[in-house]
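Here is a quick tour of the spaces in this protein, and of one place where two helices meet. Have a look at the model before reading on.

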Amino acid sequence: MDVRQLRILRELGELGSVSAVAEALLVTPSAISQQLRLLQRSIPVPLTERSGRRVVLTDAGQALADAAVEVETALARARQTITDFLEQPDGDVSVAAFHSAGATFFPLLLRGLAGPDSPRLVLADEDVAQDRFPRLTRDYDLVLAHRLDHAPPWPRTVTVTPLLHEPLGVALPAGHPLTGKTRLSPQDVAGQPWITVHDGFPLLATIEAIGTAANRRVDIVHRINEFSVAAEAVAAGAGLALMPRWTARRHQAIVLRPLSDVHAQRHIDALHRPERTARRAVRTVLAELRRAAAQIQNPDADIPPGPEADTGGVRAAQKQ
């Protein structure tokens, strides 16, 4: 038996004829009769009987019809519970981010969502290789991920909300001879010692592109994923490093110069499974992430609070 069959039985007990039930439910009488026959097959005693020209419920049929009322009532409560859950403004929302994005976005999120009835943030750092970011959407509502311009797009199993298209620059220790140039070429920097990320992490591809453009092998002397640690190594004269322009904390002892002839930009995107944004709280956090991204890119601008994020059309990011 299923809920539809139980509803038909209930309506039959109240209306007294198959045609009346068909009219009430906007289906054909034959469809009603078929569903009654299917229901009867699963019940060992008769549910209906003839009384003149009417079809009436037997005692067993009436008992099952009464139970159908309880079933529909329970389902209505369940539907309302789900609706309340989806529309709850202050529900828990888990957000994961790689280190530099977490350091930049998390404080803005915490301040922006500190008011009453705001979502309760559950924050985590996840520094993983690019191909592992989509897998994190199983465990978190929203995942801040990064990829380079020429890297493969995110898989279609996740929904993508673009946040930043961030330039990368070459970090030099203050006083380095190359700081006199306003823009650096691969030939300028390929012969220098380099501090870069571990294998599998996005920025490594740009270092390799520098070597290819300069037609020489880049000398990688240190492997450090955390930008703040890499900045300290650069400041100490250990080598050059690629640094993001907006999401890496400024260091007074290093100078950042743009790189020419090599694509040196990265996308920072919010990834999530499509069903996550059915929840109002998740939509609110996603909107705040977009507002934070605008503030990061234009720190002097007055960015007003925006509406909940529009989750339609965000697949356009895949075309970049």
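The lining of the largest pocket is a mix: 10 nonpolar residues, six polar and five charged. This is a predicted model, and in it that pocket holds about 410 Å³ of space. Of its 21 lining residues, Thr247, Ala248, Arg249, Arg250 and His251 sit closest to the centre. Which elements give two or more residues to this lining? They are α5 (99–112), α9, β9 and β10 (254–258).

Next, the cavities. There are two of 30 Å³ or more. Here they are alongside the pockets:

| Space | Volume | Nonpolar | Polar | Charged |
|---|---|---|---|---|
| Largest pocket | about 410 Å³ | 10 residues | six residues | five residues |
| Second largest pocket | about 170 Å³ | six residues | three residues | one residue |
| Largest cavity | about 110 Å³ | six residues | four residues | two residues |
| Second largest cavity | about 70 Å³ | eight residues | two residues | no residues |

Around the largest cavity you'll find Phe98, His99, Ser100, Asp127, His146, Val197, Phe201, Pro202, Leu203, Asn225, Phe227 and Arg266. Val197, Leu203, Asn225 and Phe227 turn up in that lining and also in the lining of the second largest cavity. The rest of the second lining is made up of Ile195, Thr196, Ile224, Ala230, Ala241 and Leu242. Elements giving this cavity two or more residues are β7 (193–196), α9 (227–235) and β9 (240–244). So what about charge? The second largest cavity has no charged residues in its lining.

Now for the helices. Helix α1 (residues 3–15) packs against helix α3 (residues 29–41) at an angle of about 110°, and their axes are 9 Å apart. That angle makes the two helices roughly perpendicular. On the α1 side the contact uses Arg4, Gln5, Ile8, Leu9 and Leu12, while α3 brings Ile32, Gln35, Leu36, Leu38 and Leu39. By type, these contact residues are seven nonpolar, two polar and one charged.

Both helices show up again at the second largest pocket, where α1 and α3 each supply at least two lining residues. Which helix gives the largest share of that lining? It's α3, with four residues. The full lining is Leu9, Leu12, Val18, Ser33, Leu36, Arg37, Gln40, Leu47, Thr48 and Val55. Leu9, Leu12 and Leu36 are in this lining and also take part in the contact between the helices.

Notes
Residues are numbered from 1 along each chain as its sequence is written. This is a predicted model: local features need pLDDT of at least 70, side-chain atom pairs count only at pLDDT 80 or more; totals for chains, interfaces and linings use all residues. Side-chain values use heavy atoms; hydrogens and water are left out. Axes are lines fitted to C-alpha atoms, for helices over the stretch in contact, and angles run from 0 to 180 degrees between N-to-C directions. Angles under 35 degrees count as roughly parallel, over 145 as roughly antiparallel, 65 to 115 as roughly perpendicular and the rest as oblique. Contact means heavy atoms within 4.5 Å. Ala, Val, Leu, Ile, Met, Phe, Trp, Tyr, Cys and Pro count as nonpolar, Asp, Glu, Lys and Arg as charged, and the others, Gly among them, as polar. On a 1 Å grid over the protein atoms alone, a cavity is a set of points where a 1.4 Å probe fits but cannot get out, and a pocket is an open set with protein on both sides within 12 Å along at least five of seven lines; lining residues have an atom within 4 Å of a point. Grid points are joined across faces, edges and corners, and a volume is the space filled by probe spheres set on the points.
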